Amino acid sequence: MSAAESGPNDGAARWHELVLRVPEAHVEDVCDALEALQALSISVEDADADTPQEQALYGEPGLPPPAAGWQRSRVTALFDTETQAREAAALLQPQDFFADCEVVEVRPVQEVDWVRLTQSQFEPVPVTEDFWIVPSWHEPPAQARTVLRLDPGLAFGTGTHPTTRMCLRWIATRGAVAAQRVLDYGCGSGILAMAAARFRAAEVDAVDIDPAAVQATRANAAANGVALRAGPPELAQGAYGVVLANILATPLKVLAPLLCGHVAPGGHLVLAGILARQADELRAAYAPWLALEVGDEEEGWVLMSARRPTA
Ligand SMILES: C[S@@+](CC[C@H](N)C(=O)[O-])C[C@H]1O[C@@H](n2cnc3c(N)ncnc32)[C@H](O)[C@@H]1O
């Protein structure tokens, strides 16, 4: 057994990890003991991971269930303090079941500033040269004349996904939403609904089957000073000059009669969430009502749109 060593930044660390090497036969005993010693969490990994000795661990039909650990497992237990981690190591070492085990180290776990880390991953997103989606912790770029403030949250839609970006570009460049009733079907964060409002839609309805998305849309609209109605799908009523739906090919096919039924004469239907190879399926599914065409393509995704003839 090797002596446990601690890392150089002990003083600053919030938690400490006790790392052990344990043969398969004793993984369960060691984990039970660590639990009894008040470990905050315990993880078991293959000690030979990423080496030629790495061992797959899964149950095959007709074969015995997988073992609790690998031939040589690396067991890591998290403790509140360095003292607790070292005491746990000291208490384990004399135990019979620990005979073939090894204390690898006691090491500090550095705190991660998750807020800062997350924020650093979300930069302002340009939709066009002068329309930008900007997280609240960033200043809008100088060239941004139209801005939506949006932070990553539980609901989909920060502008970083190509399907959202293509819809935003359609809204910003076609001039089709101005003075229209607009429906955002599957609103997620409400990003498309808010963009429609920014580009002077007369009235915006945003609906989603996920109550968390409806809540996020309301909160994001309030933060952006945007007036819209958000709610469950039943909120969508009557005809709209523009119907936007960025969902996925399968639900979009099921929703074809419903979505087409909301498109006013002379109005537009804009669909995204469709892979390029699914475009023909979608065209066929919507053919009884509207003639969809691919209008944009990005990273293997397409935007499809159609216009209902004026009556
Ligand atoms: C890919 S996200 C799009 C979010 C946002 N509109 C955007 O463009 O980034 C799809 C959203 O559609 C919602 N959704 C999925 N199926 C739906 C359905 N049948 N009716 C209404 N909303 C649906 C999901 O809950 C999700 O919020």
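**Note on the fold and the annotated sites**

1. Asn-246 lies in strand β11, which comprises residues 240-246; strands (E, at least two residues) and helices (H or I, at least four) are DSSP runs, numbered from the N terminus. The model is predicted, and local features therefore need pLDDT of at least 70 and side-chain atom pairs count only at pLDDT 80 or more, whereas totals for chains, interfaces and linings use all residues. Residues are numbered from 1 along each chain as its sequence is written.

2. Asn-246 counts as buried because it has 27 C-beta neighbours inside 10 Å. Throughout this note, a residue is buried if 20 or more other C-beta atoms lie within 10 Å of its own, exposed if 12 or fewer, and partly exposed in between, the C-beta atoms being placed from the backbone. Apart from neighbours within four places in sequence, Asn-246 is in contact with Thr-163, Thr-164, Cys-167, Gly-186, Leu-192, Ala-272 and Gly-273; contact requires that the C-beta atoms of two residues, placed from the backbone, lie within 7 Å.

3. In the unreviewed UniProt entry, the annotation "binding site" covers Thr-164, Gly-186, Asp-208 and Asn-246. UniProt positions are given in the numbering used here, feature names are shortened, and annotations may be inferred rather than shown by experiment. Among the residues that Asn-246 contacts are Thr-164 and Gly-186, both of which are covered by this annotation.

4. Asp-208 is placed in the loop between β9 and α6. Asp-208 is buried, since 26 other C-beta atoms lie within 10 Å. Residues up to four places away in sequence aside, Asp-208 touches Gly-186, Cys-187 and Gly-188, together with Ala-213 and Val-214. Gly-186 thus recurs, as Asn-246 also contacts this residue.

5. Helix α6 runs over residues 211-223; at 1.5 Å a residue its 13 residues should span 18 Å, and the end C-alpha atoms are indeed 18 Å apart, which agrees. The expected span is taken as 1.5 Å times one less than the number of residues. The buried residues of α6 are Ala-213, Val-214, Ala-216, Thr-217, Asn-220 and Ala-221. Viewed down the axis of α6, these fall within an arc of 160°, so they line one face of the helix; the arc is that of the directions from the helix axis to the C-beta atoms. Pro-211, Ala-212 and Ala-222, on the other side of α6, are exposed. The cover over the buried residues includes α5 (191-198), β9 (203-207) and β10 (229-231). After α6 comes Gly-225, with a positive phi near 65°.

6. An open sheet of seven strands has the order β10-β9-β8-β11-β12-β14-β13, with mixed pairing; two strands pair if DSSP finds at least two bridges between them. Its edge strands, β10 and β13 (293-298), each pair on one side only. From one strand to the next, the twist averages 15°; axes are lines fitted to C-alpha atoms, for helices over the stretch in contact, and angles run from 0 to 180 degrees between N-to-C directions.

7. Three bridges join β9 and β10 in the parallel sense, and Asp-205 stands opposite Arg-229 in β10. α6 packs on this sheet, touching β9 and β10, and its direction makes about 160° with that of β10. Helix α9 (residues 279-286) also packs on the sheet, where it touches β12 (263-275), β13 and β14 (301-307); the direction of α9 makes about 20° with that of β14.

8. Four strands form another open sheet, in the order β2-β3-β1-β4, and the pairing is antiparallel. The edge strands β2 (41-46) and β4 (102-109) each pair on one side only. Here the twist averages 20° from one strand to the next. Strands β1 (residues 15-23) and β3 (residues 72-79) run antiparallel and are joined by eight bridges; Val-22 has Ser-73 in β3 as its bridge partner. Helix α2 (residues 82-92) packs on the sheet, touching β1, β3 and β4, and makes about 20° in direction with β1.

9. Val-30 belongs to helix α1 (residues 27-36) and counts as buried because 23 C-beta neighbours lie inside 10 Å. Not counting residues up to four places away in sequence, Val-30 touches Leu-20, Val-22, Val-75, Phe-97 and Cys-101. Val-30 and Phe-98 are 68 residues apart in sequence, yet 7.4 Å apart in space, C-alpha to C-alpha.

10. For the chain as a whole, there are nine helices and 14 strands. Of its 311 residues, 39% count as buried. Among contacts between residues at least 6 apart in sequence, 66% join residues at least 24 apart.
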